Amino acid sequence: MKLFDPITAGDLALPHRVVMAPLTRNRAAQPGDVPHELNATYYAQRASAALIISEATQVDPLGKGYVATPGIYSDEQVAGWRLVTDAVHEAGGRIVLQLWHVGRISHVDLLPEGEQPVAPSAIRATSQTVVSAESGMVDVSAPRALRTDEIPGIVAQFRRGAENAKAAGFDGVEIHGANGYLIDQFTRDGTNQRDDQYGGSLENRVRVPLEIARAVVDGWGAGRVGYRISPAGAFNDMSDSDPIATFGALARGLGGLGLAFLHNVEAFAGGQRDEAQIDAIKSAFQDAGGGAYMANGGYQRDDAEARLEAGKADLVSFGETFLANPDLPERFRQGAPLNEGDRATYYGGDDRGYTDYPTLAEVPV
């Protein structure tokens, strides 16, 4: 199977093509949003992935949007992530950190001193979040528009996060430019209505994403940096008038930097894939000098294999399937049954529904 052919993505030598997608699990230790031993166990269990992309990790306290998500801006968080990377490497795996700023998808109760969330433009999302274990879902707060002179500080937060990821022992980083969070908010014209050099024209809207990518590449080298997009997604109240033009321009810019991979959420919740959009973005990235194209979006073993065989993808990432099947590559190799995930334990909690899913070796014969 092509799923099990080795591949090199930038400077990342991968033994096969079954990648673990980033999965928010809301289990960072409190106070401080610090990774800990339970998280290390969880990731080490999944070290047979060709590559693990960590859960989204905020680069600054003002970039937090949900309770108990981890950060990468404090010494304690760096030390906590070192527990994770050491455990994954000891188990023979490779792991990159996903760098995240939620922008407007936040709430004043989550932010230092009750500050307002920030965004490209002061447009409130029709989205919800969770601010405590007891809160249930609550509407996100109204954001304020970032001043032009604040934007270099946002870029610096990503630079610092990337540097801290290196100190924590990661093999690289992925920039979270998807799913309606801050970088995506700058990219799309439904959320970016600025009239300065960071808004309006397509060139201006991709300026922040590319400035962040360059800052991260400065610290890591392009061969260990990936970038995630979701041009087909409306999640978090997102829209764009011309996704092929917008994300084609972004992909060309990222490809020109020589990034290791571009990670595309091609479809959400069983939605249809837009093949013309996918082909245009993949070509734009790789024709400009980018590395591997990673497909994501509800794939299972056989359709992922077909995608690779057809040359539509170089890597495929799996989310919920990896959540419930720590040994997913081996299950795919054998065509073995898959564990069902328990949605009630996806977000927050303890080891239940987190580190207690059995491997094939642990299933009674």
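**Close-up views of helices 7, 4 and 2**

Thr-187 is buried (under 20% relative accessible area with a 1.4 Å probe, protein chains only), with a relative accessible area of 0%. This is a predicted model in which local features need pLDDT of at least 70 and side-chain atom pairs count only at pLDDT 80 or more, whereas totals for chains, interfaces and linings use all residues. Residues are numbered from 1 along each chain as its sequence is written, and side-chain values use heavy atoms, with hydrogens and water left out.

**View 1. Surroundings of Thr-187 in helix 4.** Helices here are DSSP runs of H or I with at least four residues, and strands are runs of E with at least two, numbered from the N terminus. A polar atom of the Thr-187 side chain lies 2.8 Å from the backbone oxygen of Ile-183. Leaving aside residues up to four places away in sequence, Thr-187 touches (heavy atoms within 4.5 Å) Arg-205, Pro-209, Asp-240, Thr-246, Phe-247 and Leu-250.

**View 2. Helix 7, residues 243-256.** The end C-alpha atoms of this helix are 19 Å apart, which agrees with the 20 Å expected for 14 residues at 1.5 Å a residue (1.5 Å times one less than the number of residues). Its buried residues include Thr-246, Phe-247 and Leu-250, and their cover includes helix 4 (182-187) and helix 8 (275-287). Just after helix 7, Gly-258 takes a positive phi of about 75°.

**View 3. Helix 2, residues 75-90.** Among the buried residues of helix 2 are Trp-81, Val-84 and Val-88, and what covers its buried residues includes helix 1 (37-45) and helix 3 (151-167). Gly-92, just after helix 2, has a positive phi of about 90°.

Key:
Buried means under 20% relative accessible area, exposed over 50%, partly exposed in between (1.4 Å probe, protein chains only). A polar contact is a pair of N or O atoms within 3.5 Å; within protein, one must be able to donate a hydrogen and the other to accept it, and residues adjacent in sequence count only if both atoms are side-chain atoms.
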